[in-house]
Amino acid sequence: MKNLDYIKLYLDKRMKRIFLLGVISGFPWVLIGSALSLWLKESELSRSTIGWAGLIFGIYAVNFLWSPLIDRIQIPILSKKIGHRKSWIILMQILILSSLILWSTLDPSKNLWLVIAVGLAIAFSSATQDITIDALRIEQIGVNEGRVMAAGAAISVVGWWTGYKIGGVISLVSAELLQRNGFENYWQLSFLLLGLIIIITSVALIFVPEKSSRKRTELQKVNDDRIATNLNFSNKFSKLITWLYGTTINPLVSFFKKNTFGVAIGLLSFIFLFKTGEAFLGRMSIIFYKELGFSKTDIALYSKGVGWITTISFTLLGGLFAIRMGLLKAMFVSGIIMALTNLMFSVLAWVGSSEILFAFTVLIDDLAAAFATVAFVGFISALVDRTYTATQYALLASIGTAGRTLFASSSGSLVDWLNGDWGTFFIITALMVIPSLICLFLIRKKLKLHE
């Protein structure tokens, strides 16, 4: 395959749809990540409190628990009108928009737990829509289109970062401008402005085609009938058991049968641990920038604005590298690069508030994060069984989120324990990728990927 042919994969008409789905998926993360963290910081809450508030990301770690229901349950009226997958996304978009409106009425210094509760509602809605967004993305591509899947993973990541970065620019810049113009509730007004993005992307989603769920439903029914045949009685209770087993257990059985028990455990361990260091860094990065003396506008310009452009460029390049070298090798290479670039933050911590070094550090970090994310998304997309697309992808993605969330929630406490020694903190984050790469190395020859 020639270089031009690789690039042409990005011109496939399905990539525009996948890009939009990525934008919708990435946008809520800036709300409960950067925006919420800085909102709490400027309300004079401690680093530890902000770090532990990040536990709301734990919702993403357990969304596989209700993913079987999302795979099966139809939204009355809406599913028939616009499709099974899209109806769930629209419903969750409405809930996120309602949460932003509620946030615009609250003050963290007076209603901290209510602010966190609304953030939890945003996280729940976002994690739920991600289940069906990822399924809809994967189902846009054929089972044996391995290279297109890798390209789709890159475009999905570009979309995700676009939603995340643009949301970050709008929230930080609008908050800064409103604050300078004397508005005390500048964050609350900024959240209302962000609600417009929800409305625009929801309208655009209506035009994304969705394949009929008939074939998937028929395959699920075949498996359900097999379960029913093994039961010695037939009544409403047996039908309930059949439905519950087929909905919750069959996707897991399928995953372990395909990979064997030992390989499946190795895979889950790798996925759980891979991005822990990146999550530690990401959770505290905006606090780190603030403590170095950078303003919200500086952070928006370098971390969100410039970062968005570089992330898109590096993601597309990373996708080409992943296609050429193969997803397995790409995982090893991206893990090593991701660890090494974390050390740049240690250098920034020791040098101080240098705008040039800040921009360079963000550039290098975006390079590593883009490559790692493309490889990771493509890797787990290639592992799923299309009969249970939403459930299996949600399981794998949420396992990865679990590692990032459960460990990274203590990131603020770690910085406090180090007495604010940011240099040492970032060195520790660089070492966190090693256990995951060991897990992947041990099972590398037994993996079954659709490449």
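Which residues are buried in H20? In this predicted model, select helix H20, residues 422-431, and colour Trp422, Gly423, Phe425, Phe426, Thr429 and Ala430, which are the buried residues of H20. Looking down the axis, one finds that these residues cover an arc of only 160 degrees, which puts them on the same side of H20. An α-helix has 3.6 residues a turn, so residues three or four places apart point the same way. To see what covers the buried residues of H20, add helix H3 (47-53), H14, H16 and H19, which are included in that covering.

**The whole chain**

Before proceeding, display the entire chain as a cartoon. The secondary structure consists of 21 helices and zero strands. Of the 451 residues in the chain, 59% are buried. Among contacts with a separation of 6 or more, 82% are accounted for by residues 24 or more positions apart.

**The aromatic cluster**

Return to H20 and show the side chains of Trp422, Phe425 and Phe426, which belong to one aromatic cluster together with Phe280, Phe288, Tyr289, Phe345 and Phe358. Phe425 also merits selection in another context: Phe425 is one of the residues that touch the most other members of the largest nonpolar core.

**The nonpolar core**

Next, select Leu31, Trp103, Trp187, Phe270, Phe274, Phe379 and Phe425; within the largest nonpolar core, of 125 residues, these touch the most other members. Centre the view on Phe274. Beyond its neighbours within four places in sequence, Phe274 is in contact with Met331, Ser334, Gly335, Met338, Ala372, Phe376, Val433, Ser436 and Leu437. Apart from the largest core lies another, of 10 residues, including Leu20, Ile24, Ile133 and Leu136.

**Helix H21**

Two of the partners of Phe274, Ser436 and Leu437, lead to helix H21, residues 434-443. Select Ser436, Leu437, Cys439, Leu440 and Ile443, the buried residues of H21. Viewed down the axis, they fall within an arc of 155 degrees, so they line one face of the helix. Helix H13 (261-273), helix H16 (327-351) and helix H17 (355-381) are the elements against which the buried residues of H21 pack. Then select Phe441 and Arg444: the charged end of Arg444 sits over the ring of Phe441, 3.9 Å from its centre.

**Lys275**

Is Lys275 buried or exposed? Lys275 lies in the loop between H13 and helix H14 (276-292). Its relative accessibility is 7%, so Lys275 counts as buried, the limit being under 20%. Display Thr373 as well: its side chain makes a polar contact with the side chain of Lys275, at 2.7 Å. Setting aside residues up to four places away in sequence, Lys275 touches Ala372, Thr373, Phe376 and Arg404. Ala372 and Phe376 are also among the contacts of Phe274.

**Trp29, Trp160 and Tyr164**

The model contains 22 aromatic pairs. For one of them, select Trp29 and Trp160, which form an edge-to-face pair, 5.6 Å centre to centre, with 65 degrees between the planes. This pair links distant parts of the chain, as Trp29 is in helix H2 (residues 14-41) and Trp160 is in helix H9 (residues 146-180), 131 residues apart. Now add Tyr164. Trp160 and Tyr164 form a stacked pair, 5.3 Å centre to centre, with 15 degrees between the planes. Both of these residues lie in helix H9, four residues apart, about one turn of the helix. Trp29 is buried, with a relative accessible area of 16%, and Tyr164 counts as buried at 16% relative accessibility.

**Two loops**

For the last stops, select Asn419 and Gly420. Asn419 is in the loop between H19 and H20 and is exposed, with a relative accessible area of 71%. Its phi is near 55 degrees, a positive value in a residue other than glycine. Most residues other than glycine have a negative phi. Gly420 lies in the loop between helix H19 (411-417) and helix H20 and counts as partly exposed at 26% relative accessibility. Residues up to four places away in sequence aside, Gly420 touches Arg47 and Val415. Select Glu291 too: Gly420 and Glu291 are 129 residues apart in sequence and 9.8 Å apart in space, C-alpha to C-alpha.

Finally, move to Ile77, in the loop between helix H5 (67-72) and helix H6 (78-82). Phi of Ile77 is positive, near 70 degrees, and Ile77 counts as exposed at 65% relative accessibility.

Note on methods
Residues are numbered from 1 along each chain as its sequence is written. This is a predicted model: local features need pLDDT of at least 70, side-chain atom pairs count only at pLDDT 80 or more; totals for chains, interfaces and linings use all residues. Side-chain values use heavy atoms; hydrogens and water are left out. A nonpolar core is a set of buried Ala, Val, Leu, Ile, Met, Phe, Trp, Tyr and Cys residues joined through side-chain atoms within 4.5 Å. Buried means under 20% relative accessible area, exposed over 50%, partly exposed in between (1.4 Å probe, protein chains only). Contact means heavy atoms within 4.5 Å. The arc is that of the directions from the helix axis to the C-beta atoms. Rings of Phe, Tyr and Trp (its six-membered ring) pair if their centres lie within 6.5 Å; planes under 30 degrees apart count as stacked, over 60 as edge-to-face and the rest as tilted. A charge sits over a ring if NZ of Lys or CZ of Arg is within 6 Å of the ring centre and within 35 degrees of the ring normal. A polar contact is a pair of N or O atoms within 3.5 Å; within protein, one must be able to donate a hydrogen and the other to accept it, and residues adjacent in sequence count only if both atoms are side-chain atoms.
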